[in-house]
Amino acid sequence: MCIFCKIVQGEIPCNKVHENDEFLAFHDVNPKAPIHILVIPKKHIDKFQNVTPELMAKMTPFIQEVAKILELDQRGYRLIVNNGEDGGQEVMHLHFHILGGTKLLWPQLTPDENKKYL
Ligand code: AMP
């Protein structure tokens with residue numbers, strides 16, 4: 001069983017923010033911003049590439065609710081999904097990162113800082 005499925009089952013503790021029958025939101029153990037939340041479906045789905053439109057239609061309002069609970073809805077926040085190997089996904093259970101609580105930077109994401117992509 002993957003680590004996030006163990007969190008869903010209660011085998012590993014988490015610092016929960018919100019949940020319903022299908023989704024769970026909890027604080028990231030290694031926060032990259034003052035507020036760093038992970039939102040996951042309780043059902044195991046390995047990555048964003050394999051999520052259904054039906055599940056996303058329900059996940060979207062859940063993420064918006066979490067943002068409201070954390071009072072990020074007015075100031076703004078960033079949503080990140082790392083998908084697969086090149087995307088830097090480490091835990092193979094779909095999760096959205098919600099990052100906020102300060103004005104976020106938009107850093108260089110590849111090692112070659114001089115390369116132009118357009
Ligand atoms: P990713 O690189 O997109 O797969 O992100 C995985 C995230 O899960 C990282 O930000 C980790 O800090 C976080 N993480 C790993 N294990 C736990 C855990 N037990 N509780 C909370 N967050 C975790």
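How many residues line the largest pocket, and which of them lie nearest its centre? In this predicted model, the lining of the largest pocket is made up of 35 residues, and Asp28, Lys32, His36, Asn82 and His97 are the ones that lie nearest the centre. The volume of this pocket comes to about 970 Å³. When the lining is sorted by class, 19 residues are nonpolar, 11 are polar and 5 are charged. Several elements of secondary structure take part, since at least two lining residues come from each of α1, β2, β3 (35–41), β4 (78–80), α3 (84–87) and β5 (96–100). Among these elements, α1 gives the most to the lining, with 3 residues.

The largest pocket is also the space taken by the ligand. Around the ligand there are 16 residues, of which Asp28, Asn82, Glu90, His95 and His97 come nearest. Sorted by class, this shell holds 7 nonpolar, 7 polar and 2 charged residues. At least two residues of the shell are supplied by α1 (3–9), and at least two by β2 (23–27), while the largest share, 3 residues, comes from α1. The helix α1 thus appears in both descriptions, with the largest share of the shell around the ligand and with the most residues given to the lining of the pocket.

Individual atoms of the protein can also be placed relative to the ligand. For His97, a polar atom of the side chain lies 2.8 Å from an oxygen atom of the ligand. Two further pairs involve the backbone: a polar backbone atom of Gly88 is 3.2 Å from an oxygen atom of the ligand, and a backbone N or O atom of Val29 lies 3.2 Å from a nitrogen atom of the ligand. The ligand taken alone exposes 500 Å², and of that area 86% is buried by the protein.

Note on methods
Residues numbered from 1 in each chain as written. Predicted model: local features only at pLDDT ≥ 70, side-chain atom pairs only at ≥ 80, totals over all residues. Heavy atoms only, no water. Near = heavy atom within 4 Å. Polar contact = N/O pair within 3.5 Å; in protein donor to acceptor, adjacent residues only side chain to side chain. Areas by Shrake-Rupley, 256 points an atom, 1.4 Å probe, with all protein chains shown as cover. 1 Å grid on protein atoms, 1.4 Å probe; cavity = no way out; pocket = protein on both sides within 12 Å on 5 of 7 lines; lining within 4 Å. Sits in = over half its atoms within 2 Å of the grid points. Helix = DSSP H or I, 4+ residues; strand = E, 2+ residues; numbered from the N terminus. Nonpolar A, V, L, I, M, F, W, Y, C, P; charged D, E, K, R; others polar. Points joined across faces, edges and corners; volume = space filled by probe spheres on them.
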